[in-house]
Amino acid sequence: MQNTAPQNTAPQSTATPTHCPYCALQCGMNLTPAADGTVEVNERADFPVNRGALCGKGRTAPAVLASGARLTSPLVRSGDGTLVPAGWDEALDRIAGNLARTRAERGADALGVFGGGGLTNEKAYALGKFARVALGTSQIDYNGRFCMSSAAAAGTRAFGLDRGLPFPLEDIPKTGCVILVGSNPAETMPPSLRYFTELRENGGTLIVVDPRRTKTADQADLHLAPRPGTDLALALGMLHLVVAEGRVDERYVEERTAGWEEARAAAMAHWPEHVERITGVSVPELREAVRLFCAPEAAMVLTARGPEQQAKGTDTVGAWINLCLATGRAGRPLSGYGCLTGQGNGQGGREHGQKADQLPGYRKLTDPAARRHVAEVWGVEADSLPGPGRSAYELLDALGTDIGSLLVMGSNPVVSAPRAAHIEERLRSLDFLAVCDVVLSETAALADVVLPVTQWAEESGTTTSLEGRVLLRRRAITPPDGVRSDLEVLHELAARLGVEKGFPTEPEEVFEELRRASAGGPADYSGIDYRRLARENGVFWPCPALPVPPAPPAPPDEEAVSVSHPGTPRLFLDRFATDDGRARFVPVSHRPSAEEPNDAYPVLLTTGRVVAQYQSGAQTRRVDELNAAAPGPFVELHPRLAARLGVAEGDRLAVVSRRGRAVAPARITTGIRPDTVFMPFHWPGEGRANTLTNPALDPTSRMPEFKVCAVRVEAEAEAEVAR
Ligand SMILES: Nc1nc2c(c(=O)[nH]1)N[C@H]1C(S)=C(S)[C@@H](COP(=O)(O)OP(=O)(O)OC[C@H]3O[C@@H](n4cnc5c(=O)[nH]c(N)nc54)[C@H](O)[C@@H]3O)O[C@H]1N2
Ligand SMILES: Nc1nc2c(c(=O)[nH]1)N[C@H]1C(S)=C(S)[C@@H](COP(=O)(O)OP(=O)(O)OC[C@H]3O[C@@H](n4cnc5c(=O)[nH]c(N)nc54)[C@H](O)[C@@H]3O)O[C@H]1N2
Ligand code: SF4
Ligand SMILES: [Mo]
């Protein structure tokens, strides 16, 4: 495996074992700097999760390190409105000065901070602390709110704890049946597909629930293709059949759960025939799904963004969890509900305090004991910590009104936020915008000051993978001149705001503090340290520090002290993380999407990903090989819809929602429902899918409805005339 340099040009001894910068699988890879300044990616067979396999994004990731698009100097907005290079002191002074001015004039809550689930644990931790301690604002949230927040909310509600997967991926091939709901790992985590292939080779079955026949659905024993936004009804219909067919695990329900009667009553109101009308999934298909799921001893339900990115995402995931609980398929070996988290540190990024309502260790900002513990670690008064702030979309929506100045670190909302034209306008209306990034993202291009930062291979840090496995992503190369790390940026800004201490720039030092801050919390990292991570292929949290044994005769081996807890690959086997140890059923009922089709907007739009681009594309759109594979946006539609519109493959289509209009070529396929079109969201400009999406929010998780809105689709010439 190689990237830009011929293989084996550099001696093997300089290879650094590390991890991919992109998704939550956090594939292991070896990086070797070559003599010509490029970096070679080689197989890292010792890391068990991907066993050497990488997708095209991981394989080509070094191209972003050396990209001509790489920022290597701070940029500041000049008098004529353009961004011009500036020195670090000038740029940092400008940011600190503007933040201080906004705070003095309008109060600390007029300062906003927007983080990212791609940031390492150390950065996410430092960013949350920076907001609360150096700025004193409650207004911090991050892009993970757009990602797995519904699953996190539902998992916490049912199990008392949210860890994406409560078991390692290696359990998947050994279970009897997996239902993958709105998840397309063939494109979004290709090396993980082999776990599902092995499941089937071992005689297990795979059910895929997706309005599109994806590459993942192609592998399934059963593919259910519901209308977007109806997974809640589908899960309830299955639960109805479970009850009607006498498949409830009564003993398990009695011993390990609470709330069954109410949940049962809600499910019984969802007759299969009724569910068929809502979802478009036939009663025989529903019965077959129930049979496959209930037949084996053990089974799993895994959700991803399909059912989660809905204005009823929390209840939707709750309905799938109810199905697991009623059939005794949670907290037992090889059984359970899991969420496939998305970003490189999507898991850790939601545990250490960049979320509006959180403190490190997955503690609640509203919990007095949590505030006291963290305040003590931070050396501040608990009363000085602000309360919870706004959720991601609400924060972005408040820019230019309640929020005067914003610092963005690790996100590109101009492309990725719902109702993006409005959010872009909000960003432009700010008094002051600062962005830290590795490239001039579409959001950075709007900033008053842009700071160029180091990226993955140039710095060390920990991430927590979708399995809850804490990993050490090691520095492998020297950063280019002119860039500084996010941690250095926070240190410098805090100092300029009068907070001289508490923002170390060494990742390991930050991690040592994070350990203490997380100690005793739900996501306890206190038994993990860098030395241990360097030795082991990751440690699963919770991993509390064990007490040091009483005075041994000789000084103890340094490494044996307080880091001996084995970690927790599998959760809930004895009890759930609720007060009484029981999982909670939550009674949920189907409700329509925030926007249902009507005469003016008769088609459903759903959005998602393609294998060769990552997220807002800020990084992957700089890689030639990936652009060749996925050059631009498109609108996927069924031949019947295409015929009705009179459009052919490649014709330019205008997709119009209540929020705006996007244009992209038609891609005609029988693998999508005729009532639905699909657009990937990786591109800015006229094909930006998020110009169209609906920011209707889930009441609990505050997740926007990325996966369903009503649109009209027109051949572009016709659309031009109509305007
Ligand atoms: N190549 C690539 N890989 C990635 C990423 C990337 O941008 N590119 N991003 C990473 C991140 S952050 C994330 S969150 C993950 C996301 O990983 P996935 O969740 O697998 O990705 P999506 O394509 O957003 O959505 C999955 C599927 O949901 C389906 N879907 C749409 N609407 C509905 C619905 O109403 N119900 C159901 N059941 N399904 C529906 C879509 O057709 C799609 O196939 O991927 C990670 N990996
Ligand atoms: N329509 C639609 N929209 C969606 C989704 C969808 O399915 N449909 N999915 C949503 C989901 S799940 C997600 S996770 C979001 C993601 O959307 P974004 O938050 O926009 O994600 P990225 O494109 O990864 O943005 C990360 C930015 O940070 C920069 N960056 C990378 N590493 C670092 C670092 O270490 N430090 C700093 N300072 N910057 C860094 C990158 O260059 C990039 O500009 O999109 C959401 N938007
Ligand atoms: S699957 Fe994810 S972690 Fe693995 S190489 Fe691809 S982008 Fe990187
Ligand atoms: Mo995500």
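How many nonpolar, polar and charged residues are in the shell around ligand 3? Hold that thought while we set the ground rules.

This is a predicted model, with pLDDT of at least 70 needed for local features and 80 or more for side-chain atom pairs, while totals for chains, interfaces and linings use all residues. Residues are numbered from 1 along each chain as its sequence is written, chains are lettered from A and ligands numbered from 1 in the order in which they are written, and side-chain values use heavy atoms, with hydrogens and water left out.

**Exercise 1. List the residues around ligand 3 and sort them by class.**

Step 1. A residue is near a molecule if one of its heavy atoms lies within 4 Å of it. By that rule the list is C20, Y22, C23, L25, Q26, C27, L54, C55, K57, G58, P190 and P191.

Step 2. Now the sorting: Ala, Val, Leu, Ile, Met, Phe, Trp, Tyr, Cys and Pro count as nonpolar, Asp, Glu, Lys and Arg as charged, and the others, Gly among them, as polar. The shell around ligand 3 comes out as 9 nonpolar, 2 polar and 1 charged.

**Exercise 2. Find the cavity that holds ligand 2, then describe the ligand's surroundings.**

Step 1. Rolling a probe the size of a water molecule over the atoms shows where empty space is left. Here the search runs on a 1 Å grid over the protein atoms alone: a cavity is a set of points where a 1.4 Å probe fits but cannot get out, a pocket is an open set with protein on both sides within 12 Å along at least five of seven lines, and lining residues have an atom within 4 Å of a point. Grid points are joined across faces, edges and corners, and a volume is the space filled by probe spheres set on the points. This gives 6 cavities of 30 Å³ or more.

Step 2. The largest cavity has a volume of about 740 Å³. Its lining runs to 40 residues, with N143, Q343, G410, S411 and Q619 closest to the centre. Sorted by class, that lining has 14 nonpolar, 18 polar and 8 charged residues.

Step 3. A molecule sits in a cavity or pocket if more than half of its atoms lie within 2 Å of its grid points. Ligand 2 sits in the largest cavity.

Step 4. Of the 32 residues around ligand 2, the nearest are N143, S411, S416, D437 and S616. The shell splits into 12 nonpolar, 14 polar and 6 charged.

Step 5. Look for polar contacts (pairs of N or O atoms within 3.5 Å; within protein, one must be able to donate a hydrogen and the other to accept it, and residues adjacent in sequence count only if both atoms are side-chain atoms). A nitrogen atom of ligand 2 is 2.9 Å from a side-chain N or O atom of T607. Oxygen atoms of ligand 2 lie 3.1 Å from such an atom in Q309 and 3.1 Å from one in R609. Taken alone, ligand 2 exposes 920 Å², and the protein buries 96% of that; accessible areas come from the Shrake-Rupley method with a 1.4 Å probe, and for residues only the protein chains shown count as cover.

**Exercise 3. Do the job again for ligand 1.**

Step 1. Ligand 1 sits in the second largest cavity, whose volume is about 560 Å³. Of the 40 residues lining that cavity, G182, N184, T188, R305 and R609 lie nearest its centre.

Step 2. Which elements supply at least two residues of this lining? They are α6 (185–188), α13 (305–308) and β23 (603–608); helices (H or I, at least four residues) and strands (E, at least two) are DSSP runs, numbered from the N terminus. α6, α13 and β23 each give at least two residues to the shell around ligand 1 as well.

Step 3. Of the 33 residues around ligand 1, D210, D231, R609, Q613 and Q615 come nearest. By class the shell has 10 nonpolar, 15 polar and 8 charged residues.

Step 4. Oxygen atoms of ligand 1 lie 2.8 Å from a polar backbone atom of N184 and 2.8 Å from one of G229. A polar side-chain atom of K707 is 2.9 Å from an oxygen atom of ligand 1. Ligand 1 exposes 900 Å² taken alone, of which the protein buries 99%.

**Exercise 4. Check the backbone at P542 and L334.**

Step 1. Most residues other than glycine have a negative phi, and most peptide bonds are trans.

Step 2. The W541 to P542 peptide bond is cis, with omega near -5°. P542 lies in the loop between β21 (539–540) and β22 (583–584).

Step 3. L334 is not a glycine, yet has a positive phi of about 60°. L334 is in the loop between α14 (313–326) and β13 (336–339).
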